[in-house]
Amino acid sequence: MEIQTCPECGTKNRVNESVASTRQAVCGKCGATLSAGTDGKPQVVTDATFAQEVVAASAAFPILVDAWAEWCGPCRMIAPVLDQLAAESNGRYRIAKLNVDENPLTSQQFGIRSIPTMLIFKNGNLVDQLVGALPKQVIAAKLQTHLR
């Protein structure tokens, strides 16, 4: 069981990870949506969860989606950088990971033709795109420009 703090009322909620992977978790006190990925780690998203966990959730804070694949060397190079950014986010933004080999619909929808590609969503819209294994400072600066 994972403990997630409600972004609306601050209540700590126990969330069963296996159940949360198929259904959206909600706060037991106020009913607000609890988003995965609040533990300082990148959140894994799929074709099935993308609309809810990225597009809808980006109304609360910017979300950077890393489009990657296991066989991609540059993707493996920036993975630790994105882990660091997720750990440093303090709830200001979220980092999500989308495996393009396992999720072709979302990859096609956003025209991902080379990886790594990082998409930044804010208020339900794609607002920026970064392509390639970029330094941490460049990624952090782009995220900073989209914070409220």
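The dialogue below walks through a predicted model of one protein chain, feature by feature.

Reader: Where should I begin with the overall build, and how many helices and strands are there in the chain?

Author: A sensible start is to list the elements and then read their order. The chain has 5 helices and 9 strands, and along the sequence they follow the pattern β-β-α-β-β-β-α-β-α-β-α-β-β-α.

Reader: What share of the residues of the chain count as buried, and how much of the area that the chain exposes do carbon and sulfur atoms supply?

Author: Burial is judged by relative accessible area, with under 20% taken as buried and over 50% as exposed. By that reading, 43% of the 148 residues count as buried. The chain exposes about 7,900 Å², and 53% of this area is supplied by carbon and sulfur atoms.

Reader: Among contacts between residues at least 6 apart in sequence, what percentage join residues at least 24 apart?

Author: Here one sorts contacts by their separation along the sequence. Of the contacts between residues at least 6 apart, 59% join residues at least 24 apart.

Reader: How many salt bridges does the structure hold, and which residue pairs with Lys97?

Author: To call a salt bridge, one looks for a side-chain nitrogen of Lys or Arg within 4 Å of a carboxyl oxygen of Asp or Glu. The structure holds 3 of them. In one, Lys97 pairs with Asp66, with 2.6 Å between the closest N and O atoms. This pair links distant parts of the chain, since Lys97 belongs to strand β7 and Asp66 to strand β6 (residues 63-68), 31 residues apart.

Reader: Are Lys97 and Asp66 buried or exposed?

Author: Lys97 counts as buried because its relative accessibility is 15%, and Asp66 counts as buried because its value is 0%.

Reader: Which residue forms a salt bridge with Glu88, and where in the chain do the two residues of that pair lie?

Author: Glu88 forms its salt bridge with Lys136, and the closest N and O atoms are 2.7 Å apart. Glu88 lies in helix α3 and Lys136 in helix α5 (residues 136-145), so that distant parts of the chain, 48 residues apart, are linked by the pair. As for accessibility, Glu88 counts as partly exposed at 38%, and Lys136 counts as partly exposed at 25%.

Reader: Which residue meets Lys142 in a salt bridge, and why does that pair tie together separate parts of the sequence?

Author: The side chains of Lys142 and Asp128 meet in a salt bridge with an N to O distance of 3.4 Å. Because Lys142 lies in helix α5 and Asp128 in strand β9 (residues 125-131), the pair ties together parts that are 14 residues apart in sequence. Lys142 is partly exposed, with a relative accessible area of 31%, whereas Asp128 counts as buried at 16%.

Reader: Where is Pro80 placed, and how many Å separate Pro80 and Lys136 in space?

Author: A useful habit is to set separation in sequence beside distance in space. Pro80 sits in helix α3 (residues 73-88) and counts as partly exposed at 44% relative accessibility. Although 56 residues separate Pro80 and Lys136 in sequence, their C-alpha atoms are 9.6 Å apart in space.

Reader: Which backbone oxygen lies 3.4 Å from a polar atom of the side chain of Ser89?

Author: For a loop residue, one can check its position, its burial and its polar neighbours in turn. Ser89 is in the loop between α3 and β7 (94-99), and it counts as buried because its relative accessibility is 9%. The backbone oxygen of Tyr93 lies 3.4 Å from a polar atom of the Ser89 side chain.

Definitions and conventions:
Residues numbered from 1 in each chain as written. Predicted model: local features only at pLDDT ≥ 70, side-chain atom pairs only at ≥ 80, totals over all residues. Heavy atoms only, no water. Helix = DSSP H or I, 4+ residues; strand = E, 2+ residues; numbered from the N terminus. Buried < 20%, exposed > 50% of the residue type's maximum accessible area, 1.4 Å probe, protein only. Contact = heavy atoms within 4.5 Å. Areas by Shrake-Rupley, 256 points an atom, 1.4 Å probe, with all protein chains shown as cover. Polar contact = N/O pair within 3.5 Å; in protein donor to acceptor, adjacent residues only side chain to side chain.
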